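Me: Hi! I have a protein model open and I'd love some help finding my way around. Can we go through it together?

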Amino acid sequence: MSLISKITSWWRGFFPIKDIQTALDIKPAVSPEMIRLTELWYNCYIGEAEWCGEDISGNIVVSLGLESSVVREFANVVTNEMTVKINNNDTLDKLMNKALAELSSELQKGLATGAMVIKPLGKGRGVQYVPQSEFIPVEYDSEKRLKKVVFPEVKKIGEYWYTRLEYHSIENGQLTITNTAYRSSQKAVLGAEINLADVDEWSKLPPKTVYNTDRPVFGYYRNPLPNIVDSSGAGMSVFDKALGTISLADRQFSRLDYEFDSARRRIIADEQGVKKVSGKTVLGGDVFTPVDVPDLFKDFTPDIRQADYIAGLNAYKREIEFQCGLSYGDISDPQTVDKTATEVIASKQRKYDSVKAIQRNLKTCIEELAYALAFWNASTLSGYEVAVSFKDSILADEEAERKQDIQDISLGIMSRAEYRMKWYGEDEETAKKNLPDPAEVMP
């Protein structure tokens, strides 16, 4: 289970950073500005961007969820055709398959917040996905890999808040993992140190263990974007460059919503000429606007200018696609993308480059995760081999692929139902139902 389902992100002020610094004698490796941005990215991802809500004019701005759409598109494409195999060790292979079962959904948080850790929970157990918003980086090495990091965990038991700090530190060719626990009656205060045994779930954890390895025992993924905020190894969100345009798109959608709301049909009439029910003025199913003008009865049905608003919204979406490295039509309406063939190919190449860069970093993360799983299961010397592969289908010619699939149908390799499922997005039952009668199919 992700830590985010249990607590609020530490970047958002939940964890007492200064108390943790004092307790562990550490200093976060990131700047206050990076902390602020990570908070902003996470809030945007969950639909709570700082520009959402009621503005100074009283208008309500709601999130379109474009940030989550961007990361979902990347995560789906990156992992859709990925295969991971650990050779020469069936146990590790099974553990890896289990660990990556939720990769596509969990990767979205890493893409949104800039980075993530996939941390095994011990021998024969599962893994925990920890986005950058939920761990405290203390030191990065020269290759911007995590060298020292704190993983906080918070529980509320009764009236008290309990915090466990799991601190990983690589130094002098050794890995040291410490566990310390604290109790407080207040939510955002670390409180006094207690014994790990005071919390049943933490009672079997050792306070300190030193291992003879100079490698982290988790996989670390970082977005392939330059950190322009500070000199740390912290990652940047994939939608960071598009935040300004995303805010404009959210406001544009709010204008569109207002256009529909303000253009509702109204009946303007003398209030003496309509019926009152329970003290309220009604007139059929229409909205009634009473005026003190005798014998007045007028229908007010204004034109709706949604076409212009929708066109403007799609223009913003296309700009977001460009800024994030997606193809045109990934989040915008593909039917309204008026681009030349050269521009379409260029946009596909842009997305291809973005996805390949993410895949390279994800491959490194998975290889590190394989070592971590081998470490916790005493298999580092077992001769295991990690094979990670990705298919390149982004630049594939759709027409050529359709022709190949039709040829596969004629050869009996693919069924007609499978063809409909792939190209029409139908489920198996619907695809079979929509198949034409063989007699109706032209030879």
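Reply: Happy to; we'll go from the whole chain to a helix, a pocket and some single residues. This is a predicted model, where local features need pLDDT of at least 70 and side-chain atom pairs count only at pLDDT 80 or more, while totals for chains, interfaces and linings use all residues. Residues are numbered from 1 along each chain as its sequence is written, and side-chain values use heavy atoms, with hydrogens and water left out.

Me: How many helices and strands are in the protein chain?

Reply: The chain has 11 helices and 18 strands. They are DSSP runs numbered from the N terminus: helices are H or I with at least four residues, strands are E with at least two.

Me: And what share of the residues is buried?

Reply: Buried residues are 46% of the 443 in the protein chain. Buried means under 20% relative accessible area, exposed means over 50%, and partly exposed is in between (1.4 Å probe, protein chains only).

Me: Is α5 mostly covered or mostly open?

Reply: Mostly covered, with nine of its 11 residues buried. Among them are L103, E106 and L107.

Me: What comes just after α5?

Reply: G114, with a positive phi of about 115°. G114 sits in the loop between α5 (103-113) and β4 (115-120). G114 counts as buried because its relative accessible area is 0%.

Me: Which residues does G114 touch, leaving aside neighbours within four places in sequence?

Reply: With those neighbours left aside, G114 is in contact (heavy atoms within 4.5 Å) with Q132, R222, N223, G235, M236 and S237.

Me: New topic: what volume does the largest pocket have?

Reply: About 760 Å³. A pocket is found on a 1 Å grid over the protein atoms alone: it is an open set of points with protein on both sides within 12 Å along at least five of seven lines, and lining residues have an atom within 4 Å of a point. The volume is the space filled by probe spheres set on the points, which are joined across faces, edges and corners.

Me: Which lining residues are closest to its centre?

Reply: Of the 31 that line the largest pocket, the closest to its centre are L121, R125, R164, E166 and L205. Elements giving two or more residues to this lining include β4, β7 (146-157) and β8.

Me: Where is H168, and is H168 buried or exposed?

Reply: H168 is in strand β8 (residues 160-171). H168 counts as buried because its relative accessibility is 3%.

Me: Which side chain makes a polar contact with that of H168?

Reply: That of E166, at 2.7 Å. A polar contact is a pair of N or O atoms within 3.5 Å; within protein, one must be able to donate a hydrogen and the other to accept it, and residues adjacent in sequence count only if both atoms are side-chain atoms.

Me: Last one: how many disulfides does the structure hold?

Reply: Zero. C52 is in no disulfide, and the nearest cysteine sulfur, that of C44, is 7.6 Å away. The cut-off for a disulfide is a pair of cysteine sulfur atoms within 2.5 Å.

Me: Which residues does L243 contact, leaving aside neighbours within four places in sequence?

Reply: L243, found in helix α6 (residues 243-262), is in contact with L40, W41, C44 and W51 once those neighbours are left aside. L243 and C324 are 81 residues apart in sequence and 9.8 Å apart in space, C-alpha to C-alpha.

Technical notes
On a 1 Å grid over the protein atoms alone, a cavity is a set of points where a 1.4 Å probe fits but cannot get out, and a pocket is an open set with protein on both sides within 12 Å along at least five of seven lines; lining residues have an atom within 4 Å of a point.
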